[in-house]
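Biologist: I should like to understand the reasoning behind the terms applied to this model. Please show it to me first.

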Amino acid sequence: MTDAIIETSERPGTPVHLVTSDSLDAVLAETFVQGLAQAADFKARAGQILIVPNDQGKVREVYFGLGSQAGINLQTLRGLPAKLPPGDFTLTTLPEGLDAADLALAFAQGTYRFDRYKTRDPAGVRLVMPGVDLAEARQIAQACALARDMINTPANDLGPLQIETLARDVAQTFGAEITVITGDDLLTHNYPAVHAVGRAAVPHRASRMIELTWGQPDHPVVVVIGKGVVFDTGGLDIKPSSSMRFMKKDMGGAAHALALGRMIMAGKLPLRLIVLIPAVENAISGDAMRPGDILSTRKGLTIEVGNTDAEGRLILADALTRADELNPALTLDLATLTGAARVALGPQLPPFFTDDEDLARQIEQAAQTTGDPVWRLPLWKGYLDSLDSDIADIRNDPDGWAQAGAMTAALFLQRFAPKGPWAHFDIFAWNPRSRPGFPSGGEAQAIRGLYQMLRTRFHGV
Ligand code: BES
Ligand code: MN
Ligand code: ZN
């Protein structure tokens, strides 16, 4: 899919005219095309296509609707590739306010399919954009595809070891260092919560703490943390089957962290990057952590496990403590942390949490310009005491009265958050149904915006 956007080709591509509904009449100058448009009810609605044939029945040109100029959404371009026959295409004019490379990125993302288990050929649609530097767009598309592939890969083929292998691949590509602490070594290296959550898995799927380091030591440290639960059965507080069905995606945060790290390294951002991935399986066995168990943590706080299904915040607690030791200028974590986040905002709009107003504004601004939406929710301190435990420092299952599950999970993490600016993203990482350019299955959320935010924050561009 990353060769879907190219700067040059041997032959000029078939012209694609992007049209807004406002400009439709002006654009359809030729009577022949006007007639076709009328017959096909082409109104340039967002995602609508009009294919104009030549006299040999081949494609002469294409009109693709973007809806009204005021409501233009970059992501509409994701719906284009699937509507085109195989071949090379070129955009004739760029609509006002849209960047060529951004359009190309959306197009590239629209060609994504998860084909690891399919034997069909890919569609072979390419967008040619002469004179536009697409190297970065290609890197971003490739990183997002990596995240989506990881999320889509079922747990039998993606255990903690496979996450480690993929992280090592990425590290090697960009000359990053990587250290991995596995199994019972997690205890001697003081990651007790990561160990406890993954303890029930079979030995070849043992827990690990993956730490990837890249960039000059004198650059500001940015830590990116991802929840890597390769499968979430719920543990002894087992999930009902309907809730467990898609829990292969519970390593979505890890996939996102690795993908964002890949973008940062490919883009050579002037920062010192640390990616932290606690990779575990929340399995069930005689050795599984039990409801009521009290865990120690890297920070030294004790956690009463009121519910073994609130496992993500346990492993993130240790990872956040590790981040603090690295004196970060900024810490981001991404996690498929709560069902409550989806209830609050639905599958398309991930909530994020931070008490840093500048960071929040930068995140919102970058999300807006990249068309990668997020929505800020508060860390409402009134709900803090829902995390009080009678016999430990904190509990992992907030008392029901507080209700706001995404928020109480974020408040839990905040107890372990490092000094300095920190933002937490509770992502869904999944398209529950197919829509144009967004096939059902794994989805990359928030990281294109975060990459843009980091570029601005650390590079000034
Ligand atoms: N991985 C789940 C959260 C989840 C569920 C994300 C469905 C996306 C879709 C997480 O580990 C979990 O089970 N959370 C519990 C927490 C509760 C037990 C306090 C939840 O959200 O119900
Ligand atoms: Mn869970
Ligand atoms: Zn989980």
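Biologist: Which residues are the protein donors of the zinc ion (ligand 3)?

Modeller: In this predicted model, the protein donors of the zinc ion (ligand 3) are Lys227 through NZ, Asp232 and Asp250 through OD, and Glu311 through OE. They lie 2.0 to 2.4 Å from the zinc ion, and a donor must be an N, O or S atom within 2.8 Å of the metal, so these atoms qualify. Along the chain, their spacing is K-x4-D-x17-D-x60-E.

Biologist: Why is the site of the zinc ion (ligand 3) called octahedral?

Modeller: The zinc ion (ligand 3) has six donor atoms, with angles of 78 to 175° among them. Six donors count as octahedral if opposite donors are over 155 degrees apart and all others between 65 and 115. The site of the zinc ion is classed as octahedral on that basis. Ideal angles for six octahedral donors are 90 or 180 degrees.

Biologist: What makes the site of the manganese ion (ligand 2) irregular?

Modeller: The manganese ion (ligand 2) also has six donor atoms, and the angles among them run from 72 to 170°. A site that does not meet the criteria for a named geometry is irregular, and this one is therefore given that label. Its protein donors are Asp232 (OD), Asp309 (O), Asp309 (OD) and Glu311 (OE), at 2.1 to 2.2 Å.

Biologist: What connects the manganese ion (ligand 2) and the zinc ion (ligand 3)?

Modeller: Asp232 coordinates both ions, which are 3.1 Å apart. Asp232 belongs to strand β10, while Glu311 is in the loop between β13 (302–304) and α10 (312–325); this pair links parts of the chain 79 residues apart.

Biologist: How do you know whether Asp232 and Glu311 are buried or exposed?

Modeller: Buried means under 20% relative accessible area. Asp232 has 3% relative accessibility and therefore counts as buried. Glu311, at 0%, is buried as well.

Biologist: What makes the approach of Lys239 and Glu311 to ligand 1 a polar contact?

Modeller: A polar contact is a pair of N or O atoms within 3.5 Å. An N or O atom in the side chain of Lys239 is 2.8 Å from an oxygen atom of ligand 1, and the side chain of Glu311 likewise places an N or O atom 2.8 Å from an oxygen atom of ligand 1. Both pairs therefore satisfy the cut-off. Taken alone, ligand 1 exposes 520 Å², of which the protein buries 81%.

Methods:
Residues numbered from 1 in each chain as written. Chains lettered and ligands numbered in written order. Predicted model: local features only at pLDDT ≥ 70, side-chain atom pairs only at ≥ 80, totals over all residues. Heavy atoms only, no water. Donors = N, O, S within 2.8 Å, 3.2 Å for Na, K, Ca; no water. Tetrahedral: all angles 85-135°; square planar, octahedral: opposite > 155°, others 65-115°. Polar contact = N/O pair within 3.5 Å; in protein donor to acceptor, adjacent residues only side chain to side chain. Areas by Shrake-Rupley, 256 points an atom, 1.4 Å probe, with all protein chains shown as cover. Helix = DSSP H or I, 4+ residues; strand = E, 2+ residues; numbered from the N terminus. Buried < 20%, exposed > 50% of the residue type's maximum accessible area, 1.4 Å probe, protein only.
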